[in-house]
Amino acid sequence: MIRYMSEHWQGEHSLARSFWLNSLTGLLICGTVVALTTDYARRGSIEDGDTLLQTLVMVWIGMLIILTWEAVGCWRAATEHMAQTGRIASPLLVKGLVSVVALVIGVEIADAVAALGEIVVMTRMAREASVPVPGSQPERQVSLLPPDQPTRPRQNIYRPDGSDSVVAANHPAFSRVSREEIKMSGQILVGMEMAFSKILYSDPAVSIIRLESPGGSVGVAMDMLSSIMNLRHNTEVLSHCLSACTLIFAGGDMRIASPNARFGFHKFSASTASKKQIEDAENQIREYLIRARWLRRDFMEHAFQVPSSKMWYPSMREMVEANYVTHILDDGRPVAADTYCRFHRC
């Protein structure tokens, strides 16, 4: 096998074998593989981002090595054929076809690299980024499987059917306020998004998500935001919602706040991502929220300009004018925010 590959590389095979067997067939296979992996990259979910990245990198590196071997061997065989036979028509045609096919493959690889860039920004940065919370503990991994020695969950834990469940046992961050409302409290940790999705999709009675969080993983927050928007649920904050929590709140159809609720905004941060990757992710998320929730651009741009070491606490009026808060609680009932602000101090 090694000898055969070496002979092709040196151009020692006949032109017919080099072109029809070694090069053309190989190029078509490579083109198909690259196209399929690119399509998979476009459709890949965030959950399998790390595996997807590793697979794509290995595939594309392998394609480049194979394509180089095929193209060089075929080109040399065509040159040797011209020297031995004096014919130039078929060798030139072969060189032209190889060049065209290689160009097509190059376009596919460029598209694949673009797809990889999107995944790097939206997966690795979003999944691994954890917005620091002053005084908070480092983010820990949360398992959905019952621990070897389970701790007793707190009272009022969320149980859709009234019985114990894996979600309830491992995620005391979720509790039930009423039949229509659940509460998420504490830091946003990796693993919570799966429990959150399971809760929402298993209980159609839930329509309001109450948030009380100092922030945490941006990637988890984006997954939660997506679940809320898909089901068109409402979000509510009575006390505080900081950092990544503000992304989850933005997903609500009705975004309800108590008059004294505090919202804190700042830039993302991630030790594993470059400044350019963070900025690209911020831009994509900001533009998405502006379009999906009709938020004011100047408000969102300012929110993403505050250094990650600091926190911006906008006034209730600023959030109402930006359409970030759409309803304010008045004696426990949500009232349209602009109406509330006409009769009360915001």
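A disulfide is a pair of cysteine sulfur atoms within 2.5 Å. With that in hand, welcome to a predicted model, where local features need pLDDT of at least 70, side-chain atom pairs count only at pLDDT 80 or more, and totals for chains, interfaces and linings use all residues. Residues are numbered from 1 along each chain as its sequence is written, and side-chain values use heavy atoms, with hydrogens and water left out.

**Disulfides**

- Searching the whole structure turns up two disulfides, and their pattern in the protein chain is 1-2, 3-4 when bonded cysteines are counted along the chain.
- One disulfide links C241 with C245, at an S to S distance of 2.2 Å.
- The link of C241 and C245 is left-handed, with -110 degrees about the S-S bond.
- C241 and C245 are both buried, where buried means under 20% relative accessible area, exposed means over 50% and partly exposed is in between (1.4 Å probe, protein chains only).
- C341 is joined to C346 by a disulfide, S to S 1.9 Å.
- The disulfide of C341 and C346 is left-handed because the torsion about its S-S bond is about -105 degrees.
- What sets the burial class of each partner? C341 has 12% relative accessibility and so counts as buried, whereas C346, at 22%, counts as partly exposed.

**Overall make-up**

- The protein chain has 12 helices and eight strands; these are DSSP runs numbered from the N terminus, with helices being H or I of at least four residues and strands being E of at least two.
- Of its 346 residues, 46% count as buried.
- Among contacts in the protein chain with a separation of 6 or more, 68% come from residues 24 or more positions apart; contact means heavy atoms within 4.5 Å.

**Helices α6 and α7**

- Helix α6 spans residues 192–202, and its buried residues are M192, E193, A195, F196, I199 and L200.
- These buried residues lie on the same side of α6 because they cover an arc of only 160 degrees around the axis, the arc being that of the directions from the helix axis to the C-beta atoms.
- α6 packs with helix α7 (residues 218–231) at an angle of about 10 degrees, their axes 9 Å apart.
- That angle makes α6 roughly parallel to α7, since angles under 35 degrees count as roughly parallel, over 145 as roughly antiparallel, 65 to 115 as roughly perpendicular and the rest as oblique.
- Axes here are lines fitted to C-alpha atoms, for helices over the stretch in contact, and angles run from 0 to 180 degrees between N-to-C directions.
- On the α6 side of the contact are M192, E193, F196, S197, L200 and Y201, which meet V220, D223, M224, S227, I228, N230 and L231 of α7.
- The residues of this contact comprise eight nonpolar, three polar and two charged (Ala, Val, Leu, Ile, Met, Phe, Trp, Tyr, Cys and Pro count as nonpolar, Asp, Glu, Lys and Arg as charged, and the others, Gly among them, as polar).

**H8 and its surroundings**

- H8 sits in helix α1 (residues 2–10) and, at 0% relative accessibility, counts as buried.
- Apart from neighbours within four places in sequence, H8 is in contact with H13, S18, N22, S23, W69, E70, G73 and C74.
- C74, one of those partners, is buried, with a relative accessible area of 1%.

**E301**

- E301 belongs to helix α10 (residues 297–303).
- Its relative accessibility is 31%, so E301 counts as partly exposed.
- E301 and R286 are 15 residues apart along the chain, and their C-alpha atoms are separated by 7.5 Å.
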